[in-house]
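Dear colleague,

Please find below the structure we discussed, together with its sequence. I would be grateful if you could read the notes that follow with the structure open.

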Amino acid sequence: MGEEVASQEFTRADRTRHREKVRQCLDVFAKMLRERAFEVDDPMTGLEIELNLVDENEAPALRNADVLAELADPDFQTELGQFNVEINVPPRTLRDGGLGAYEQMVRRSLNDAEQKAAGVGAHMVMVGILPTLEPGHMRPETLSPNPRYRLLSDQILAARGEDIALDIRGVESLRTTTDSIVPEAACTSTQLHVQVEPEEFAAYWNASQAIASIQLAVGANSPILLERELWRETRIPLFEQATDTRSEELKAQGVRPRVWFGERWITSVFDLAEENVRYFPALLPVVDDEDPLAVLEAGGLPTLAELRLHNGTIYRWNRPIYDIADGRPHLRVENRVLPAGPTVLDTMANAAFYFGLVRALATSQRPLWSQMSFSAAEENFHVAAQHGIDAQVYWPGVGQVSAAELVLRRLLPLAAEGLDSWGVSAEDRDRFLGVIEQRCLLGRNGAQWFVDRLHERERGSDRAAALRATLGDYRELMHSNDPVHAWSG
């Protein structure tokens, strides 16, 4: 969502000043890239997990303010909907037990959060879309009481000029309209960060784009929205539609969507920053007092506030991040493809698979993206979102292939090589990648388990009751930390 933004109205003059300032930030960013102001001695990785809150009856609990007050933990933050919170796990390296340390840290934090949240009548659920959401929850009043969320919703609706239409057709179909971006709050994800050198950024971003479909296939966990069984990873079309600023006429003219897979392989991080400025008008044209060029020429580090905030309102599935930590600027690829859950172990298995595979492909002598069209990667992405672990995708040198078979035969060995390169121990490597292997062998990820159990629960029960019962089963198994492939069918 970008930085904190106070509630305000924007004038035409505000937008003009912002356009000038964001272009100045872009010029300074280009100068920083040319002058090699970035250094990465020991690359860090990061992890964020968005969570849902439910009550004792598995219905959404609009209690995030109460939960956060009870937690009093800066690692937990508000999210778009009152039934959401987010945990930001402190970054670390992957070597020296990093993956295992992530797992222990997240489990400890979530166990503590669950205990404290229960005291105010809420429970934590890691799932891509909360299955018990109802149309009544899709109201502006459900937004968290943070000015930036209401402001962003108002700006998206104003840019669009009409209500947002949701039209998702999968196993079943859903068509509805909404007068706010609250449906976006239904999308709860896991976000993975990889810190990279500027000259390596394009390789890591291209590799992330190429494997996004495979991440979705093995990690899908969002099969239900508003009581309808839709795509195995319904987060993808829901997020694309819920923040779309384009009218039907603008879509027909080819205007780019703000939730964007992209349209080409890149050669530099600057390609993405420049596209952001060229193609997308500002939703939040806030202007900072900093003169970025003066700061840079004085030997300081410009925050590039306008460029960063603008980037935060363009929802690429793999987003470029410019940040400053410990007095040094750095770049990250933020991988936003995965849903939350089902368990902490599953989450870390997804992370290990991504971290290992993206490194192996980014450092390959023959880049994968030189053998594959960008449009093929984008088509794979949506096919995998729709069909999950049963998806058939295109892969160079193979042609059409089952995503599960591709992972088993080709990608798991590459991911293992990548984790070795990161300095991950063989024990952690085999444990986490073994979870991915078993999912593919058994054909069971979170989405598949949920719909199979739902269909069992629906015998002799209506859909709403079956969803509550299935989510209750899910939540109980989630706390066991047994991986989803080992859950009873």
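The notes below cover a pocket and the enclosed cavities.

Please bear in mind that this is a predicted model.

The second largest pocket

This pocket has a volume of about 410 Å³. Its lining is made up of 22 residues, and those closest to the centre are Arg-19, Arg-258, Phe-280, Pro-281 and Ala-282. Three elements each give two or more residues to the lining: helix 1 (12–34), helix 4 (147–160) and helix 9 (269–279). The greatest contribution comes from helix 1, with 5 residues. Sorted by class, the lining of the second largest pocket comprises 11 nonpolar, 7 charged and 4 polar residues.

The cavities

The structure holds 2 cavities of 30 Å³ or more. The largest cavity has a volume of about 130 Å³. The residues that line the largest cavity are Leu-51, Arg-107, Leu-110, Asn-111, Glu-114, Met-124, Met-126, Val-344, Met-478, His-479 and Asn-481. Two or more lining residues come from each of helix 3 (98–118) and helix 17 (463–480). Helix 3 gives the most to the lining of this cavity, with 4 residues. By class, the lining of the largest cavity has 6 nonpolar residues, along with 3 polar and 2 charged ones.

For viewing, Arg-19, Arg-258, Phe-280, Pro-281 and Ala-282 mark the residues closest to the pocket centre, while helix 3 is the main contributor to the lining of the largest cavity.

With kind regards

Methods. Residues are numbered from 1 along each chain as its sequence is written. This is a predicted model: local features need pLDDT of at least 70, side-chain atom pairs count only at pLDDT 80 or more; totals for chains, interfaces and linings use all residues. Side-chain values use heavy atoms; hydrogens and water are left out. On a 1 Å grid over the protein atoms alone, a cavity is a set of points where a 1.4 Å probe fits but cannot get out, and a pocket is an open set with protein on both sides within 12 Å along at least five of seven lines; lining residues have an atom within 4 Å of a point. Grid points are joined across faces, edges and corners, and a volume is the space filled by probe spheres set on the points. Ala, Val, Leu, Ile, Met, Phe, Trp, Tyr, Cys and Pro count as nonpolar, Asp, Glu, Lys and Arg as charged, and the others, Gly among them, as polar.
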